[in-house]
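The following note is offered to a colleague who is examining the coordinates of this entry. The points run from the whole chain to single residues.

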Amino acid sequence: MLFYIHVFRLDRSIFTCNYQFTSCKADRDKTTMLKIYAVSVLCLLVEAGYAKPLNLRPIIGVLAQESSKGVDESYIIASYVKWAEAAGARVVPIRINEPDVYYEELFQRINGVILPGGDIDIITSYHAKAAKKLYQMAMKAYDQGDYFPIWGTCQGLQLLSALTAGKNLLADRPSFTPAPLDFTPDFLESRMFHKLPENIYSALANENVTSNLHMYGLTPQNFSENSQLSSFYRVMSTSLDMHDNVYISAMEAYKYPFYGVQFHPEKNVYNWDLRFTNNHDADAIRVAHYFSEFFLSEARKSYHFFPTIEEEIDALIDNYKPQFSKDSSFEDVYHFKFTK
Ligand SMILES: *[C@@H]1O[C@H](CO)[C@@H](O)[C@H](O)[C@H]1NC(C)=O
Ligand SMILES: *[C@@H]1O[C@H](CO)[C@@H](O)[C@H](O)[C@H]1NC(C)=O
């Protein structure tokens, strides 16, 4: 049986698990020696394959997308960044329209990817092409024993479905208001929900705590008629659009740590535009954090890291300044001029 260890200060050295042994000298004080022995025992467990440490410095990549102004003007909505940060992540932006080597290198340095909402083409856009590279690397990594989670929100769920099916299977499913989740009978078998607390379950199932802002959706029929999709993902919930037509609102891959929700958990906490109906009550806030905390619990199982602390710091989104726009429903947005 494999279990995950909570090490209160997990730094790079635990990944190699060898410095403790070499630094074990008799002239250390008792506390230091005890710490060294304790970590050594953990390391032996890790090396014997009985335990895995958790990465307590997870870094999440949020994939940029092209704006209507063109590929050189890509953007990231800040609410996704804040949502991940609130659950214990630091964030790096992932550029679009970069050579393969950029994605291959960055992939080895980050611990998960967020595919955010937006309005690009889920097959032909630069965003979709970059997502495809990350998705394929994450699958290959998993097959080689390396854990790398991907989270898709709204367009991100739609994009995941297109990446798996190899085509766009979306139907018109407009929804601009919060809607309850209709859970499937076996939803508790999913990783996303198997520890779902009763109060979060009750809010999701009975209240309007999911912010929706989408024109399209994945229908259960299109999903089940496509064997690539239905063998790849477990559907945990559906919801009704503004015409009472059903769409898939939460799914996860059976095998890979890939997760998609059609609603926007982050909007409950960070988006205040009164033209849209975002629920800000206490249950809605708890729901938003439930999903980011779940995703971060997955990211802590990834041990990718930057070669140096300097490169790590230089890559962080903190090096960029979001712009607040009174007229945009996104509110705070990072704009990137990724010209070459
Ligand atoms: C998906 O569903 C919609 C509406 O139910 C339908 O119009 C569309 O053709 C379906 N797409 C595929 C590829 O089956
Ligand atoms: C949720 O929203 C729908 C549609 O706006 C409404 O009919 C329903 O009463 C709401 N449910 C709750 C619990 O507020």
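**Notes on the predicted model**

1. *Burial and overall make-up.* Of the protein's 340 residues, 53% count as buried. The model is a predicted one, and its secondary structure comprises 13 helices and 16 strands. The accessible surface amounts to about 16000 Å², and carbon and sulfur atoms contribute 54% of that area.

2. *Sequence separation of contacts.* Among contacts in the protein with a separation of 6 or more, 77% join residues that lie 24 or more positions apart.

3. *Helices α6 and α7.* Helix α6 spans residues 126-143 and helix α7 spans residues 155-165; their axes come within 10 Å and cross at roughly 65°. Because angles of 65 to 115 degrees count as roughly perpendicular, α6 is described as roughly perpendicular to α7. The crossing of this pair is right-handed. On the α6 side, the contact is made by H127, A128, A131, K132 and Y135; on the α7 side, Q155, L159, L160, L163 and T164 take part. By class, the residues of this contact divide into six nonpolar, three polar and one charged.

4. *Helices α8 and α12.* A second pair is formed by helix α8 (residues 198-206) and helix α12 (residues 282-299), whose axes come within 10 Å and cross at roughly 110°. The two helices are therefore roughly perpendicular to each other, and their crossing is left-handed. Helix α8 contributes N199, I200, A203 and L204 to the contact, while helix α12 contributes D283, R286, V287, Y290 and F291. The residues of the contact of α8 with α12 comprise six nonpolar, one polar and two charged.

5. *Cover of helix α4.* How many of the eight residues of helix α4 (residues 78-85) are buried? Six of them are, and the helix is accordingly described as mostly covered. The buried residues in α4 are A78, S79, Y80, V81, W83 and A84.

6. *Positive phi at N97.* Most residues other than glycine have a negative phi. N97 has a phi near 60°, a positive value in a residue other than glycine. N97 is located in the loop between β6 (90-94) and α5 (100-107). Is N97 buried or partly exposed? Its relative accessibility is 31%, so N97 counts as partly exposed.

7. *Positive phi at C154.* C154 also merits inspection: its phi is near 55°, a positive value in a residue other than glycine. C154 lies in the loop between β8 (150-153) and α7. With a relative accessibility of 4%, C154 counts as buried, because the cut-off for that class is under 20% relative accessible area.

8. *Surroundings of N226.* N226 is placed in the loop between α9 (220-225) and α10 (227-232). Its relative accessibility is 8%, so N226 counts as buried. Which residues does N226 contact, leaving aside its neighbours within four places in sequence? They are A165, K167 and L169. Of these, A165 belongs to the range of helix α7, residues 155-165.

Technical notes: Residues are numbered from 1 along each chain as its sequence is written. Chains are lettered from A and ligands numbered from 1 in the order in which they are written. This is a predicted model: local features need pLDDT of at least 70, side-chain atom pairs count only at pLDDT 80 or more; totals for chains, interfaces and linings use all residues. Side-chain values use heavy atoms; hydrogens and water are left out. Axes are lines fitted to C-alpha atoms, for helices over the stretch in contact, and angles run from 0 to 180 degrees between N-to-C directions. Helices (H or I, at least four residues) and strands (E, at least two) are DSSP runs, numbered from the N terminus. Angles under 35 degrees count as roughly parallel, over 145 as roughly antiparallel, 65 to 115 as roughly perpendicular and the rest as oblique. A crossing is left-handed if the near helix is turned anticlockwise from the far one by less than a right angle, and right-handed if clockwise. Contact means heavy atoms within 4.5 Å. Ala, Val, Leu, Ile, Met, Phe, Trp, Tyr, Cys and Pro count as nonpolar, Asp, Glu, Lys and Arg as charged, and the others, Gly among them, as polar. Buried means under 20% relative accessible area, exposed over 50%, partly exposed in between (1.4 Å probe, protein chains only). Accessible areas come from the Shrake-Rupley method with a 1.4 Å probe; for residues, only the protein chains shown count as cover.
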